[in-house]
Amino acid sequence: MDTDQLIRSLAADNSHRARSVGFTLALALLAAAPVSILMFFAELGVRPDVMTAMHNPFFDLKFAVTLALAAAAIIVSLHLSRPEAELRGWAWLLAIPAGLLVAGISGEMMMPQRLPMMTRLVGSNSKVCMSAIPAMSLPLLVAALIGLRHGAPTRPAVAGAIAGMVSAGLAATLYASHCTDDSPLFVATWYTLATALVTAIGALAGSRVLRY
Amino acid sequence: MVGARVREREDEWTGLMRSAMSGDDTAYHRLLKAVTPVLRATARRGLARAGQPVDQSEDIVQDILLAVHLKRHTWDANAAFAPWLFAIARNKLIDALRRRGRRVFVSIDDFAETLADQPAAETASPTEVAAQLNSLPARQRDVLQSIAVESASIKDTAAKLAMSEGAVRVALHRGLASLTAKLRES
């Protein structure tokens with residue numbers, strides 16, 4: 001088949017309309033969410049004192065941070081699914097969750113504390129946190145990669161890393177409702193480490209599966 | 001002078017692509033014909049710079065055209081078409097050179113500044129796409145053969161192969177998608 005003939009067949013296929021990357025990504029994440037939620041209720045469950053915890057601003061801050069991460073990463077990943085897109089000018093969105101954490105840490109510093117700083121940082125759930133967030137991330141990461149495969153990212157590893165942040169942000173949102181460690185110091189340490197791990201897995205997987 | 005001509009050309013491309021996306025098949029055909037010499041000239045230059053035989057340029061051109069087609073939903077109709085096209089073309093050219101074991105710096109400007117004044121003729125050697133055509137499922141191959149090689153319309157192809165027009169359209173799109181997948185594997 002020469003190039004003129006190929007062009008003829010492409011023009012004949014012009015009526016085919018693909019769904020947008022955003023729609024595909026949303027569909028894939030919605031399909032994977034029940035798997036992660038099932039894992040959550042089978043292994044962890046919501047903490048028993050959740051009704052009182054909700055009145056603690058540091059409990060609520062955890063959700064603001066994880067949801068801000070997921071939302072920012074979704075926006076950036078959709079941007080990067082266009083071939084001519086660059087990360088420059090968009091990366092600051094990913095600083096929003098970090099900024100919320102810094103604000104939370106400063107807020108906590110100004111309040112009288114019952115527990116010393118290191119105790120709050122180390123917490124009592126760090127091991128669970130480090131395994132539960134990556135585990136619940138995996139189905140979501142697969143979904144995010146499937147959704148983004150529909151796009152055309154110029155740098156597949158970067159797009160994969162951002163897909164990792166999407167899934168880690170969503171999985172951490174689930175985990176936050178189980179974990180009794182509410183100190184922003186704990187979140188900044190362990191949630192960040194877990195997110196970094198998932199981000200690295202996403203970059204590795206993305207460099208293979210997001211090439212088009 | 002050159003800048004103005006390039007800009008004029010790129011505005012025309014954007015207009016054609018907008019028409020194509022709103023369902024104008026002829027505009028789409030014209031657009032693909034118009035960008036091909038620019039893609040070909042740049043691919044040849046890239047191969048030459050990497051010390052590779054330039055007669056492989058047609059493989060790269062066809063690879064780019066298939067990617068443009070299958071990823072055109074990622075083009076934002078409010079943006080210019082050329083930067084999007086050249087980003088895909090650059091990506092595919094770098095990929096092709098890397099597969100041949102060469103690392104070559106390719107910039108978007110290589111495409112943007114290419115004027116296809118003396119268009120290089122298409123090389124006659126059969127391309128990878130042509131070779132992969134035979135490995136497609138029979139139905140997809142027959143439909144592609146009819147539309148591409150025998151330049152039959154979708155309607156005529158449907159009558160000839162005793163299929164519905166919808167089935168022809170599906171087979172055509174699947175055929176193009178699986179050709180692309182096979183090129184990536186090979």
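Me: Into which domains is chain B divided?
Reply: In this predicted model, chain B is a chain of 186 residues whose helices, read along the sequence, follow the pattern α-α-α-α-α-α-α-α-α. The division of chain B gives domain 1 (1–115) and domain 2 (126–186).

Me: How far apart do the C-alpha centres of domain 1 and domain 2 of chain B lie, and how many residues of each are in contact?
Reply: The C-alpha centres of domain 1 of chain B and domain 2 of chain B lie 23 Å apart. The side of domain 1 that touches domain 2 divides into 2 nonpolar, 2 polar and 3 charged residues. In contact across this boundary are 7 residues of domain 1 and 8 residues of domain 2.

Me: Why can the radius of gyration of chain B be said to agree with that of a compact globule?
Reply: Along its principal axes, the C-alpha trace of chain B spans about 50 × 35 × 30 Å, and buried residues make up 40% of the chain. A compact globule with 186 residues would have a radius of gyration near 16 Å, so there is agreement with the value for chain B, which is 17 Å.

Me: Which element gives the most residues to the largest nonpolar core?
Reply: The largest nonpolar core has 57 residues, and those with the most contacts inside it are B:I64, B:L65, B:L85 and B:I88. Among the elements that give it two or more residues are α1 of chain A and, from chain B, α1 (2–21), α4 (81–99) and α9 (165–185). At least three residues of this core come from each of domain 1 and domain 2 of chain B, while the element that gives the most, with 11 residues, is α4(B).

Me: Leaving aside its neighbours within four places in sequence, which residues is B:I64 in contact with?
Reply: B:I64 is one of the residues with the most contacts inside the largest nonpolar core, and α3 (57–70) of chain B is among the elements that give two or more residues to that core. Once neighbours within four places in sequence are left aside, the contacts of B:I64 are B:L39, B:I88, B:A89 and B:K92.

Me: Which helix of chain A gives the largest share of the side that touches chain B?
Reply: Between the two chains, 26 residues of chain A are in contact with 37 residues of chain B. The residues on the chain A side divide into 11 nonpolar, 10 polar and 5 charged. The largest share of that side, 9 residues, comes from residues 3–12 of chain A, which form helix α1.

Me: What percentage of the 212 residues of chain A count as buried?
Reply: Chain A has 9 helices and 0 strands, and its C-alpha atoms fill a box of roughly 75 × 35 × 25 Å along the principal axes. Among its contacts between residues at least 6 apart in sequence, 89% join residues at least 24 apart. Of the 212 residues of chain A, the share that count as buried is 48%.

Me: Which element of chain B has the lowest mean pLDDT?
Reply: The predictor gives the complex an ipTM of 0.90 and a pTM of 0.91, and the mean pLDDT of chain B is 88, with 92% of its residues reaching 70 or more. Where pLDDT is low, the predicted coordinates should not be read in detail. Among the elements of chain B, α3(B) has the highest mean pLDDT, 95, whereas the lowest, 73, belongs to helix α5 (residues 108–112).

Terms used
Residues numbered from 1 in each chain as written. Chains lettered and ligands numbered in written order. Predicted model: local features only at pLDDT ≥ 70, side-chain atom pairs only at ≥ 80, totals over all residues. Helix = DSSP H or I, 4+ residues; strand = E, 2+ residues; numbered from the N terminus. Rg over C-alpha atoms; globule rule 2.2 N^0.38 Å. Buried ≥ 20, exposed ≤ 12 C-beta atoms within 10 Å, placed from the backbone. Nonpolar A, V, L, I, M, F, W, Y, C, P; charged D, E, K, R; others polar. Core = buried A, V, L, I, M, F, W, Y, C linked by C-beta atoms within 7 Å. Domains from an automatic or database assignment. pLDDT = per-residue confidence, 0-100.
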